[in-house]
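Good morning, colleagues. Please take a moment with the sequence and the structure before I begin.

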Amino acid sequence: MYTKLESGDSTTVPVQPDMGVDESLGPKPASGRTVGPVDYMFMWLGDGVNLGNMTLGASLVVAGIATLNIFQTFAAAIIAIGIISGVFALNDRLGYRTGIPYVVQLRMSFGMKGCIISSLLRGIPAIIWYGFQSWIGGTALNEIAKIITGGSFDNIFVCFVVLQLAQIVLSLYGFHAIKWVESVISIVIMVALIYVFGILLNAHSGVIVEKWVHAQGTWGLPFFAFIMMFMGNYAAIFLSAADYSRELKAGISDAKRGFLYFLPILIAYGFVLCIGAMLAAATGVSNPVKAFAIVINNPYITFFVSAFIVMGAVAVNMVANIIPPTYVITLITKLKYKTAVTISGLLALGSCPWVLVQDSSAEGLGMFILIYSAFLGPIVSILLIEYYILRKQTVNVADLYKEDGPFAGYNPSAILAMLIGAGAAFMKVELAWVIGFVVAGIAYILLMKFAFKESSFRKGTIFEESINGATPPKP
């Protein structure tokens with residue numbers, strides 16, 4: 001009944017009518033996986049080249065003063081990206097081997113009912129990011145409209161709504177649409193940003209060197225807080241790593257999958273972060289779109305750069321911010337995929353994304369990342385401990401779909417560990433992710449071992465022997 005799934009194994013459980021889920025939440029068989037390694041890398045390249053990451057870079061400059069200099073910035077980036085890639089490769093393994101999505105993976109630790117809470121903690125930030133990226137894209141679309149109409153049209157909100165509706169239509173085509181959108185857009189955007197990078201170096205190098213490169217900065221708490229913001233920016237994505245790895249073709253080793261994350265994230269994230277900091281240092285404006293308009297005082301070039309920004313917003317939403325909340329809505333409401341993806345887009349319309357970033361500062365975005373990562377750090381810790389330590393990579397996938405199976409109800413140990421980890425994280429919000437990750441992991445092991453000894457969630461774990469004197473199954 002318990003099957004050890006080896007590396008590259010695409011063993012899955014077919015979706016049956018009594019599983020009670022939409023087809024999109026069932027285990028994806030090897031025959032349904034169409035994303036190859038190259039497409040997968042372009043997907044993450046396109047996700048990294050976005051205005052959210054650029055705004056995070058701009059958040060380094062507050063009131064014209066950089067909190068970290070260029071060396072401290074890239075040291076923080078490399079540390080964060082290394083951790084991100086490692087956690088990605090670890091947490092994507094269950095989804096890659098079995099084909100199950102993140103919301104089903106959560107049942108393993110939190111239970112059929114308990115996973116609703118933890119899935120919402122992933123879905124809500126994704127919807128807000130969805131709206132934020134669309135707002136940035138709508139700002140760029142408004143720049144295009146002003147150029148075309150000679151300044152007679154100027155309404156960012158209308159452009160935001162138009163772009164959001166366009167993304168809803170595009171997302172109806174599912175993950176297959178993501179593959180070609182990312183491959184095309186990521187290349188185009190990188191070329192455009194290289195051009196902008198050249199302009200910044202040629203025309204604004206003096207002020208950039210003064211305000212960022214030669215800034216005193218610090219290796220203290222702000223340095224580590226920026227690492228946490230880096231990780232928090234990706235925390236929601238690598239938490240739901242199974243949603244992406246289940247689309248990747250079978251037969252790719254764990255080490256190679258880690259490389260498929262590390263290289264594109266390093267290139268895209270590092271480059272875009274640098275441009276964001278340079279723009280803020282040169283202009284004093286934290287909104288990259290408005291900063292672009294100041295730096296590039298040419299309507300034709302502004303038109304094309306703004307077009308690339310619009311495409312970038314669409315690209316990152318297609319990867320990171322549409323699929324996860326759609327799966328959450330499908331799980332909770334039992335709605336079909338297309339209905340759920342439409343609801344996700346409509347909810348993003350009401351997320352008020354303009355609150356996160358003002359012209360003078362992007363600190364609101366950074367604080368938003370730190371707050372939600374206080375919950376996501378504990379959840380990913382619980383999932384990794386469950387799979388690698390408690391279950392030793394042995395999972396009965398069929399049980400995850402049984403309403404009356406061992407994962408029915410909720411696991412009090414997981415809920416309590418998540419709350420304990422989040423509570424500890426809020427004691428020092430600048431280090432929220434790592435504090436929550438460590439504290440929740442320790443709490444979960446202790447709770448699973450010493451508390452709720454009659455819980456069915458011990459079945460199949462190293463602690464199963466305490467249930468009525470039974471012994472755990474051997475892999």
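**Buried residues, aromatic pairs and helix packing**

I begin with Glu386, which has its place in helix α16, residues 363–390. Please bear in mind throughout that this is a predicted model. Is Glu386 buried or exposed? Its relative accessibility is 1%, and Glu386 therefore counts as buried. Leaving aside residues up to four places away in sequence, Glu386 touches Met108, Ser109, Arg391, Tyr444 and Thr461. In addition, the C-alpha atoms of Glu386 and Ala414 are 9.7 Å apart, with the two positions 28 residues apart in sequence.

Helix α16 also holds Val380. With a relative accessibility of 0%, Val380 counts as buried. Which residues does Val380 touch, not counting those up to four places away in sequence? They are Val87, Asn91, Phe238, Leu239, Trp433 and Phe437. From Val380 to Ser240 the C-alpha separation is 8.8 Å, although the two residues are 140 apart along the chain.

Let me now place these residues in the whole protein. The protein has 475 residues, of which 58% count as buried. Its secondary structure comprises 18 helices and two strands. Among contacts with a separation of 6 or more, 84% come from residues 24 or more positions apart.

I turn next to the aromatic residues. How many aromatic pairs are there? The count comes to 19 aromatic pairs. Consider Phe88 and Phe238: the ring centres are 6.1 Å apart and the planes stand at 75°, and because planes over 60 degrees apart count as edge-to-face, the pair is classed that way. This pair links distant parts of the chain, since Phe88 belongs to helix α3, residues 70–91, and Phe238 to helix α9, residues 221–239, the two being 150 residues apart. Phe88 has a relative accessibility of 0% and so counts as buried. Phe238 also counts as buried, at 0% relative accessibility.

A further edge-to-face pair is formed by Tyr387 and Tyr388, with 5.0 Å from centre to centre and 75° between the planes. Both of these tyrosines, Tyr387 and Tyr388, are buried.

Which residues do ring pairs link into a cluster? The cluster consists of Tyr40, Trp44, Phe88, Phe238, Tyr244, Tyr261, Trp433 and Phe437. Recall that Phe238, Trp433 and Phe437 are among the residues that Val380 touches.

Tyr261 of this cluster is also touched by Asp92. Where does Asp92 lie? It lies in the loop between α3 and α4, the latter covering residues 93–98. Asp92 has a relative accessible area of 0% and is therefore buried. Besides Tyr261, and again not counting residues up to four places away in sequence, Asp92 touches Ala241, Ala242, Ser245 and Arg257.

I come now to helix packing. Two packed helices are described by the angle between their axes and the distance between the axes.

My first example is α7, residues 156–171, with α15, residues 337–349; their axes come within 9 Å and cross at roughly 165°. How, then, are α7 and α15 oriented to each other? They are roughly antiparallel, because angles over 145 degrees are counted as such. The crossing of α7 past α15 is right-handed. On the α7 side the contact is made by Phe160, Val161, Gln164, Ile168 and Ser171, and on the α15 side by Tyr337, Val341, Thr342, Gly345, Leu346, Ala348 and Leu349. These contact residues comprise eight nonpolar, four polar and no charged.

My second example is α1, residues 37–48, with α13, residues 299–321, which pack at an angle of about 115° with axes 8 Å apart. Here the crossing is left-handed. Helix α1 contributes Met43, Trp44, Gly46 and Asp47 to the contact, and helix α13 contributes Ala315, Val316, Val319 and Ala320. By class, the residues of this contact are six nonpolar, one polar and one charged. Trp44 of α1, named in this contact, is also a member of the aromatic cluster.

I close with helix α14, residues 323–333, which is mostly covered, nine of its 11 residues being buried. The buried residues of α14 are Ile323, Pro324, Pro325, Thr326, Tyr327, Val328, Ile329, Thr330 and Leu331. After α14 comes Lys334, which has a positive phi, near 65°.

How values were computed
Residues are numbered from 1 along each chain as its sequence is written. This is a predicted model: local features need pLDDT of at least 70, side-chain atom pairs count only at pLDDT 80 or more; totals for chains, interfaces and linings use all residues. Side-chain values use heavy atoms; hydrogens and water are left out. Axes are lines fitted to C-alpha atoms, for helices over the stretch in contact, and angles run from 0 to 180 degrees between N-to-C directions. Helices (H or I, at least four residues) and strands (E, at least two) are DSSP runs, numbered from the N terminus. Angles under 35 degrees count as roughly parallel, over 145 as roughly antiparallel, 65 to 115 as roughly perpendicular and the rest as oblique. A crossing is left-handed if the near helix is turned anticlockwise from the far one by less than a right angle, and right-handed if clockwise. Contact means heavy atoms within 4.5 Å. Ala, Val, Leu, Ile, Met, Phe, Trp, Tyr, Cys and Pro count as nonpolar, Asp, Glu, Lys and Arg as charged, and the others, Gly among them, as polar. Rings of Phe, Tyr and Trp (its six-membered ring) pair if their centres lie within 6.5 Å; planes under 30 degrees apart count as stacked, over 60 as edge-to-face and the rest as tilted. Buried means under 20% relative accessible area, exposed over 50%, partly exposed in between (1.4 Å probe, protein chains only).
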